[in-house]
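Please open the model in your viewer and keep the selection panel at hand. The tour below moves from one selection to the next and says what is to be found at each stop.

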Amino acid sequence: MLVTRQPVLRRFWYALFPVTDLDDGPKPFTLLGEHIVVWKKSDGSPAAARDRCCHRTARLSKGWVEGDHIVCGYHGWQYDCSGACVKIPQLGTEHKIPAGARITAYHCQARYGYVWVALDDPLRDIPDFPEDGQPGYRRIFQLYETWRSTPMRLMENSFDNSHFSFVHKGTFGDLDNPLPSTYDIEETDYGFEARQSVSILNPPQAHDVTGSTEARVTRHMVNRYYLPFCRRMGVSYDSGIDHMVYNCATPIDDERMVLVQWLYRNDTEQDCSTQKLIDWDTRVTREDKDILEATDHDVCMDTRRKEEFHMPSDKPGLIIRKQILALLAEHGEQEVFRSALPPIVAAPARHTQEA
Ligand code: FES
Ligand SMILES: [Fe+2]
């Protein structure tokens with residue numbers, strides 16, 4: 001599936017970057033192949049629009065903010081958050097702003113400290129992170145990095161228990177125990193919930209993370225998949241520590257994504273420092289990054305094409321495929337993949353004249 005070719009994916013919210021990134025001016029972002037500009041209005045809320053001035057196409061992200069408006073850095077045209085051009089400094093009062101002088105505005109809001117954007121009318125709300133703002137829980141922005149991979153690969157990997165022994169043999173995976181534990185899966189209106197308990201190695205470096213000094217600990221997990229590209233890994237340890245990870249895989253284009261990761265913990269900075277939690281999960285996630293960047297970004301969603309083969313532990317990834325294919329069908333789309341694209345027509349050969 002080539003994500004930029006599936007218009008329905010434009011109808012979901014995606015996390016772009018922390019709201020505080022807008023403190024020093026407008027920022028560019030590429031979402032599903034679309035160049036957008038995000039800026040902060042005078043009340044602190046974010047706004048987003050196409051990053052292309054309708055005068056001479058300059059990137060508005062090179063400009064600045066005045067009040068609630070984004071100002072183009074080339075000739076100073078100003079746009080409001082609906083995309084309407086509201087000021088052309090070169091026009092005297094007798095001239096009106098040309099009808100239709102506007103740019104496309106996008107749905108934009110702040111949630112969980114992040115800027116979220118939907119390119120077209122959203123089909124559903126931003127996923128609920130119930131720990132956010134709950135007494136006793138701290139929120140940690142853990143990861144923000146660009147991966148040369150696609151959100152679908154991250155989603156299937158997130159529910160794939162059969163890779164731990166191999167990909168994570170350097171951290172918590174146990175190479176001698178490759179048999180994966182199975183999930184108890186319940187499909188929901190937002191995607192699915194997958195529960196399981198899994199025994200993992202607990203090396204000394206992880207003792208503060210798990211709250212235990214035992215050689216092995218059990219992760220009791222209530223994980224969730226939110227269509228299309230968000231997930232929760234909700235881990236509770238017997239020590240009483242909750243380690244709730246939320247990921248948003250934000251598609252930049254067909255080959256790249258931004259991995260955003262929040263963590264909620266019900267312990268304190270003295271129990272386990274923010275830096276330690278970032279370092280530990282970064283180490284684990286880098287192991288995933290390394291292998292996912294070595295997979296094909298054009299994920300075969302329709303299993304009937306038999307481009308990929310499956311095993312029983314791939315069940316969550318197959319449910320994700322089924323749900324996304326149903327979403328496409330509901331909106332009159334078919335999966336678009338590389339070999340289904342029309343061939344590139346070669347330009348006619350040019351004959352060079354001999355001197
Ligand atoms: S290109 Fe933006 S004002 Fe001229
Ligand atoms: Fe992993």
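What follows is a walk through a predicted model, beginning with the whole chain and ending at a single residue.

**The whole chain**

Begin with everything shown as a cartoon, where the chain can be followed through 5 helices and 17 strands. The C-alpha atoms fill a box of roughly 80 × 60 × 50 Å when this is taken along the principal axes. If you colour by burial, 35% of the 355 residues count as buried. Among the contacts with a separation of 6 or more, 58% are made by residues 24 or more positions apart in the chain.

**Two domains**

Next, give residues 3-118 one colour and residues 138-330 another, since these are the bounds of domain 1 and domain 2. The C-alpha centres of the two domains lie 33 Å apart, and the contact between them takes 18 residues from domain 1 and 14 residues from domain 2. Which strands should you select on the side of domain 1 that touches domain 2? Both β1 (14-18) and β2 (27-31) supply at least two residues there, and β1 gives the most, with 5 residues. Coloured by residue type, this side of domain 1 shows 13 nonpolar residues and 5 polar ones, with no charged residue.

**From β2 through β3 to β4**

Stay in domain 1 and select β2 together with β3, which pair in the antiparallel sense over 5 bridges. One pair to display is Thr30 with His35, its bridge partner in β3. The hairpin of β2 and β3 has 2 residues between the strands, and in it Leu32 takes a positive phi near 50°.

Now look at β3 by itself, residues 34-40, and ask how many of its 7 residues are buried. The strand is mostly covered, with 5 of them buried. On going further along the chain you reach β4, residues 46-50, which pairs with β3 in the antiparallel sense, again over 5 bridges. Here Val38 has Ala48 of β4 as its bridge partner. The hairpin that joins β3 and β4 has 5 residues between the strands, and Gly44 takes a positive phi near 90° in it.

**The largest nonpolar core**

Keep Val38 selected and show what surrounds it: leaving aside residues up to four places away in sequence, Val38 touches Leu16, Leu22, Pro26, Lys27, Phe29, Pro46, Ala48, Cys108 and Val115. Val38 is also one of the residues that touch the most other members in the largest nonpolar core, which has 80 residues, and Tyr14, Leu16, Ile36, Ala48, Ala49 and Val117 are the others in that group. To see where the core draws on a single strand the most, select β17 (residues 257-265), which gives 7 residues. Why does this core lie between the two domains? Domain 1 and domain 2 both give residues to the core, so it lies between them.

**A sheet of four strands**

Return to domain 1, whose bounds are 3-118, and select β5 to β8, which form an open sheet in the order β5-β6-β7-β8 with antiparallel pairing. The edge strands are β5 (64-66) and β8 (85-87), each of which pairs on one side only. Between β6 (residues 69-71) and β7 (residues 78-79) the pairing runs over 2 bridges, and Ile70 has Tyr79 as its bridge partner in β7.

**β12, β13 and β14**

Move on to domain 2, which spans 138-330, and select β12 (residues 184-187) with β13 (residues 191-201), an antiparallel pair held over 4 bridges. These two strands form a hairpin with 3 residues between them, and the bridge partner of Ile185 in β13 is Ala194. Adding β14 (residues 216-226) to the selection shows β13 pairing with this strand, too, in the antiparallel sense, over 11 bridges. Within this pairing, Gly191 can be shown beside Tyr226, its bridge partner in β14.

**A last stop on a helix**

Finally, select helix α4, residues 274-292, and pick out Asp290. Is Asp290 buried or exposed? With 11 other C-beta atoms within 10 Å, Asp290 is exposed, because a residue counts as such when 12 or fewer lie within that distance. Add Arg148 to the view: Asp290 and Arg148 are 142 residues apart in sequence, while their C-alpha atoms are 9.6 Å apart in space.

Methods:
Residues are numbered from 1 along each chain as its sequence is written. Chains are lettered from A and ligands numbered from 1 in the order in which they are written. This is a predicted model: local features need pLDDT of at least 70, side-chain atom pairs count only at pLDDT 80 or more; totals for chains, interfaces and linings use all residues. A residue is buried if 20 or more other C-beta atoms lie within 10 Å of its own, exposed if 12 or fewer, and partly exposed in between; C-beta atoms are placed from the backbone. Two residues are in contact if their C-beta atoms, placed from the backbone, lie within 7 Å. Two strands pair if DSSP finds at least two bridges between them. Domain bounds come from an automatic or database domain assignment. Ala, Val, Leu, Ile, Met, Phe, Trp, Tyr, Cys and Pro count as nonpolar, Asp, Glu, Lys and Arg as charged, and the others, Gly among them, as polar. A nonpolar core is a set of buried Ala, Val, Leu, Ile, Met, Phe, Trp, Tyr and Cys residues joined through C-beta atoms within 7 Å.
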